[in-house]
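User: I've got a chain on my screen and would like to go through it contact by contact. Can you walk me through it?

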Amino acid sequence: SYTGCYADNTTTPLMTFMGGSPPPPSLIQNGNFEQPSIDNNNYQYINSSSQVPGWNFNAVLINNSSAWGYPTPYPKGDQALCIQGGRTVSQTVSFQSNVQYTVSLVACGRNTSGQSNSIQIELYTTSNDLISTIYTFQPPINSWTNYSATFTVTTTQNYNIFFKGTPVSGLDISTAIQNIKIQTDPSTSGGTYTYESCKQTAIDNEYKYFS
């Protein structure tokens, strides 16, 4: 039964992770573009700072869309971001100075015009002064590919992180993106227990409670 919500003391913890601690949560909200939910085999052009939770969104939201032609099923759920031409999405995130962050995602190029859309990940202040280009990638056509890059900031504050398409004159080029995460230690691999295996491990180790 549910007994309540508890936060442990990380300096002198009373709780113990069985099988390793889970990876740290992503700093990105709605990084898999599951919200808002749209119909299967559908897509929507959206230009809004509120319609897609967490995002200032000027791109295409797709759900296993045959019209866009990306290989299905998508690797990380039914919905994805599609950046066509010079469209962009951005999100405001709080970063701490001198902490190494890893941004990761999975992306796929659309099979039009012979090439995919090259995507730049850029970091701006909240007044939209460019700080740096974190990473640039151009995924292969019709192949979902994992990407990651590390970065640090020199000042603790809020930043705007942009994912920008790179338009090519006369070409209709697009790239789909899923599962955007920003983490401090993505290599942590624990936290894989199911409810039942967690329960059984607690029983085996003579714990009264588990969560």
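**Contacts, bridges and odd backbone spots**

Analyst: Let's start with a polar contact of 3.5 Å that joins the side chains of Asn64 and Asn40. Keep in mind that this is a predicted model.

User: Where does Asn64 sit, and is Asn64 buried or exposed?

Analyst: Asn64 is in the loop between strand 2 and strand 3. Buried means under 20% relative accessible area. Asn64 comes out at 15%, so Asn64 counts as buried.

User: Which residue in the loop between strand 2 and strand 3 follows a cis peptide bond, and what is its omega?

Analyst: Pro73 is found in that loop, between strand 2 (56–63) and strand 3 (79–84). Pro73 is also on the list of residues that Asn64 touches, along with Asn40, Asn41, Thr72, Tyr74 and Asp78, leaving out residues up to four places away in sequence. The cis bond runs from Thr72 to Pro73, with omega near -5°.

User: Which peptide bond is cis in the segment before strand 1?

Analyst: The place to look is Pro36, which lies in the segment before strand 1. The bond leading into Pro36 is cis, with omega near -5°, and the residue on its other side is Gln35.

User: How many salt bridges does the model have?

Analyst: The cut-off is a side-chain nitrogen of Lys or Arg within 4 Å of a carboxyl oxygen of Asp or Glu. Arg110 and Asp172 make the cut, with their closest N and O atoms 3.8 Å apart. Glu122 and Lys164 also meet in a salt bridge, at 3.1 Å from N to O. The count by this rule is 2.

User: How many residues apart in sequence are the parts tied together by Glu122 and Lys164?

Analyst: The side chains of Glu122 and Lys164 meet in a salt bridge. Glu122 belongs to strand 6 and Lys164 to strand 9, so the pair ties together parts whose separation in sequence is 42 residues.

User: Which of those two counts as buried, and which as partly exposed?

Analyst: Buried means under 20% relative accessible area, and partly exposed runs from there up to 50%. Lys164 has 21% relative accessibility, so Lys164 counts as partly exposed. At 6%, the one that counts as buried is Glu122.

User: And how many residues apart are Arg110 and Asp172?

Analyst: Arg110 forms a salt bridge with Asp172. Arg110 is in the loop between strand 5 (101–109) and strand 6 (119–125), while Asp172 is in the loop between strand 9 (157–165) and strand 10 (174–183). The pair links distant parts of the chain, and the separation is 62 residues.

User: How many disulfides are there?

Analyst: A disulfide needs a pair of cysteine sulfur atoms within 2.5 Å. Cys5 is in no disulfide, and its nearest cysteine sulfur, that of Cys198, is 15 Å away. Cys198 is in no disulfide either. So, with the 2.5 Å cut-off, the number of disulfides is 0.

User: Which of Cys5 and Cys198 is buried, and which is exposed?

Analyst: Exposed means over 50% relative accessible area, and buried means under 20%. Cys5 has 70%, so Cys5 is exposed. With a value of 18%, the buried one is Cys198.

User: What about Asn98: what is its phi?

Analyst: Asn98 is found in the loop between strand 4 (88–95) and strand 5. Asn98 is exposed, with a relative accessible area of 67%. Although Asn98 is not a glycine, its phi is positive, at about 60°.

User: Which residue in the segment after helix 1 has a positive phi?

Analyst: The segment in question comes after helix 1 (195–204). The residue has a phi of about 60° although it is not a glycine, and with a relative accessible area of 76% it is exposed. The name is Glu206.

User: How far apart are the C-alpha atoms of Val153 and Ser97?

Analyst: Val153 lies in the loop between strand 8 (145–151) and strand 9, and counts as buried at 3% relative accessibility. Leaving aside neighbours within four places in sequence, the residues in contact with Val153 include Ser97 and Asn98. Val153 and Ser97 are 56 residues apart along the chain, yet the separation of their C-alpha atoms is 5.0 Å.

User: Last one: what accessible area do Tyr6, Leu14 and Met15 have together?

Analyst: Tyr6 lies in the segment before strand 1 (42–48) and is exposed, at 58% relative accessible area. Tyr6, Leu14 and Met15 form a nonpolar patch on the surface, and their accessible area together is about 420 Å².

Conventions: Residues are numbered from 1 along each chain as its sequence is written. This is a predicted model: local features need pLDDT of at least 70, side-chain atom pairs count only at pLDDT 80 or more; totals for chains, interfaces and linings use all residues. Side-chain values use heavy atoms; hydrogens and water are left out. Patches are made of residues with over 30% relative accessible area and no salt bridge: like charges are joined within 9 Å, nonpolar side chains (Val, Leu, Ile, Met, Phe, Trp, Tyr) within 5 Å. Accessible areas come from the Shrake-Rupley method with a 1.4 Å probe; for residues, only the protein chains shown count as cover. Helices (H or I, at least four residues) and strands (E, at least two) are DSSP runs, numbered from the N terminus. Buried means under 20% relative accessible area, exposed over 50%, partly exposed in between (1.4 Å probe, protein chains only). A polar contact is a pair of N or O atoms within 3.5 Å; within protein, one must be able to donate a hydrogen and the other to accept it, and residues adjacent in sequence count only if both atoms are side-chain atoms. Contact means heavy atoms within 4.5 Å.
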